[in-house]
Amino acid sequence: MTTATLFNYSYSPASPPVAGPPPSGVRRIVIIGGGTAGWMTALILARSFIHRSVSITLLESPVVGTIGVGEGSTPWLRGFFDSLGIEESEWMPACSATYKSGITFAGWSTRPGFTSYFHPFASMLDNLTMSQFVHNVEARVQGAELYAHPDRFFIAARLAHERRAPKAPEGFPFDVWHGYHFDAVLLGQFLHRKAVERGVRYQSCHVTHATLDAQGDIASVATREGESYAADLFVDCSGFAGLLIEKALHTPWVSFTENLFNDAAVALPTPIDESIPCETVSTALKHGWAWKIPLTNRYGNGYVYSSSFCTADEAETELRRHLGLLESDVEARHLKMRIGRATRHWNRNCLAVGLAQGFIEPLEATALLFIQQTATVFAEFIDRGDLSEAARARFNAAMNDHFEGVRDYIVTHYKTNTRTDTEYWRANSANLNLSDNLKKLYSLWMNGKSIVPAVRQQLIGRGYPVFSWYALMAGMGVFPDARDLRAPTAEEARYRMEEIDDLIGRSARNYPDHKSTLARIPPRRRAPALQAYFW
Ligand SMILES: Cc1cc2nc3c(=O)[nH]c(=O)nc-3n(C[C@H](O)[C@H](O)[C@H](O)COP(=O)(O)OP(=O)(O)OC[C@H]3O[C@@H](n4cnc5c(N)ncnc54)[C@H](O)[C@@H]3O)c2cc1C
């Protein structure tokens, strides 16, 4: 088995922005919306263009609030802050942030031995045990009775279990890949402050409509306060409202509701424990799943459910029962979600970012990654002066592909569930609305054939690395011929779990307690060995 590096991440400090002439055809950019999408986009564009005489103005309605949820990230968020030169020691305390090693999925599968598993953020250190995991899963897929649950193979799972911070101490050469949990409102405020410090202009005003020019591009937007803002490029970060991309430009929308049934959520905070976990827990409930996200000062909890299968009141009661809050008067927030994507994220002179461009339910906390990726890649196109129709088509094709890849990974959690307690879960496992890509992946897996080459070439299973597919399928206990296992051959049984446990345990002991690490966030490491590897 070979180990491939799909993505390398190194911690080089951000280079200072370079002054120069403005990019071709772009002098003014107007962003509508001051949620996380608006401010992340403002900072990414400001870094590339504000020193090149491009004005960036962000308009935010004083009457429409931000969504105010969205408190978990993927590891890619590190790259966002690093590229802006913002240290963890600055932003994390300001946002009550904690480290995240991955996600525990509890109660999704009823298969004995597989009722819970951990989807880790894998890193270089996992190269010590990744081969063993892959070897055992492949043998198990081929019918050998071997231990193939992911949890004992990954350092991140052990760190989460022992509540250790995924931050290597000075002198230990292996950083581990991690994401974050944070207070969404505080993060928005932090990013707002940073963007304004870096030259982004802010205007509190309610946009009422856009005026199009003779070609159909957006010429300006008008506000209730009587102002008009003209620009070369507009960025629609207006959330589910889709003010420009949808209402002004009538860009068609592709709904994912046939694949993913959840369309609503209810959220409630609870007090944080004495020690602070470094994982998100996602527990399957009757009509969806509940998240539990640790911050330094509270847990964020919520229930993502399908309104076709239960009412908002039933969902709130079930969440309260799950949290032991039936008698509590802590107020719950109810939210609607629109699941799907715009057909064109970049349409004419308008880019949609965040909930305005699309949303896949938050099971794997991927929304901020889409924001970061959309704004970063868009900045590269502007930088190259590549704003043509062909450029837009390439950009949109890549974004759509990514959305659909992530959707397929999320769908797999539902499709492979074995719960039979409610119509919701039965409908999910019976759902035949699967992409061709996903059908191919399942077919290979269930026939004992390797999915590795096809996933590596991104022919199937797009958006997630091979190990994530293995962790999901093996973690849910999805194996062909599960009732008819044979004894493994000597070659198949070549790895001893005790040795793997020992290796992981010895590695994990190098990592410090999570809570005390949060009290004193260590400086960014600059050692050249700090890289993350995805198998
Ligand atoms: C239940 C739930 C859980 C989630 N969990 C996660 C998670 O764990 N991880 C993750 O990455 N993402 C998560 N998300 C998604 C995440 O919350 C969003 O992607 C992120 O907050 C970005 O939102 P936004 O900025 O696009 O929209 P919003 O926060 O809705 O902001 C919209 C902005 O547009 C402005 N606006 C609207 N209309 C006008 C107007 N007419 N004029 C001027 N301004 C206007 C508003 O004032 C506001 O500032 C979750 C979402 C939901 C619903």
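This is a short tour of the ligand site and one cavity in the structure above. Keep in mind that you are looking at a predicted model.

**Stop 1: the ligand and its shell**

Start by selecting the ligand and the residues around it. There are 34 residues in that shell, and Gly-34, Val-64, Val-69, Gly-72 and Val-207 come nearest. Try colouring the shell by residue type: you should get 19 nonpolar residues, 13 polar ones and two charged ones.

**Stop 2: polar partners of the ligand**

Now pick Glu-60. An N or O atom in the side chain of Glu-60 sits 3.1 Å from an oxygen atom of the ligand. Move on to Ser-61, where a polar backbone atom is 3.0 Å from a nitrogen atom of the ligand. Then jump to Leu-355: here a polar backbone atom lies 2.9 Å from an oxygen atom of the ligand.

How much of the ligand does the protein bury? Taken alone, the ligand exposes 1000 Å², and the protein buries 97% of that.

**Stop 3: helices around the ligand**

Switch to the cartoon view. Two or more residues of the shell around the ligand come from helix H1 (36-49), and the same goes for helix H9 (367-383). H9 supplies the largest share of that shell, three residues. Leave H9 highlighted for the next stop.

**Stop 4: the second largest cavity**

Time to look for empty space. Rolling a probe the size of a water molecule over the atoms shows where such space is left. In this structure there are three cavities of 30 Å³ or more. We'll visit the second largest cavity, with a volume of about 50 Å³.

To find it, select Gly-354, Leu-355, Gln-357, Gly-358, Phe-359, Ile-360, Ala-367, Phe-370, Ile-371 and Phe-403, which line this cavity. You have met Leu-355 already, as a backbone partner of the ligand.

Which element gives the most to this lining? That is H9, with three residues. Strand S21 (358-359) also supplies at least two residues of the lining. By type, the lining of the second largest cavity has seven nonpolar residues, three polar ones and no charged ones.

**Stop 5: Gln-357**

Finish by zooming in on Gln-357, one of the lining residues of that cavity. You'll find Gln-357 in the loop between strand S20 (350-352) and S21.

Is Gln-357 buried or exposed? Gln-357 counts as buried because its relative accessibility is 1%, and the cut-off for buried is under 20%.

Last, show the side chain of His-345 as well: a polar contact of 3.1 Å joins it to the side chain of Gln-357.

Technical notes:
Residues are numbered from 1 along each chain as its sequence is written. This is a predicted model: local features need pLDDT of at least 70, side-chain atom pairs count only at pLDDT 80 or more; totals for chains, interfaces and linings use all residues. Side-chain values use heavy atoms; hydrogens and water are left out. A residue is near a molecule or strand if one of its heavy atoms lies within 4 Å of it. A polar contact is a pair of N or O atoms within 3.5 Å; within protein, one must be able to donate a hydrogen and the other to accept it, and residues adjacent in sequence count only if both atoms are side-chain atoms. Accessible areas come from the Shrake-Rupley method with a 1.4 Å probe; for residues, only the protein chains shown count as cover. Helices (H or I, at least four residues) and strands (E, at least two) are DSSP runs, numbered from the N terminus. Ala, Val, Leu, Ile, Met, Phe, Trp, Tyr, Cys and Pro count as nonpolar, Asp, Glu, Lys and Arg as charged, and the others, Gly among them, as polar. On a 1 Å grid over the protein atoms alone, a cavity is a set of points where a 1.4 Å probe fits but cannot get out, and a pocket is an open set with protein on both sides within 12 Å along at least five of seven lines; lining residues have an atom within 4 Å of a point. Grid points are joined across faces, edges and corners, and a volume is the space filled by probe spheres set on the points. Buried means under 20% relative accessible area, exposed over 50%, partly exposed in between (1.4 Å probe, protein chains only).
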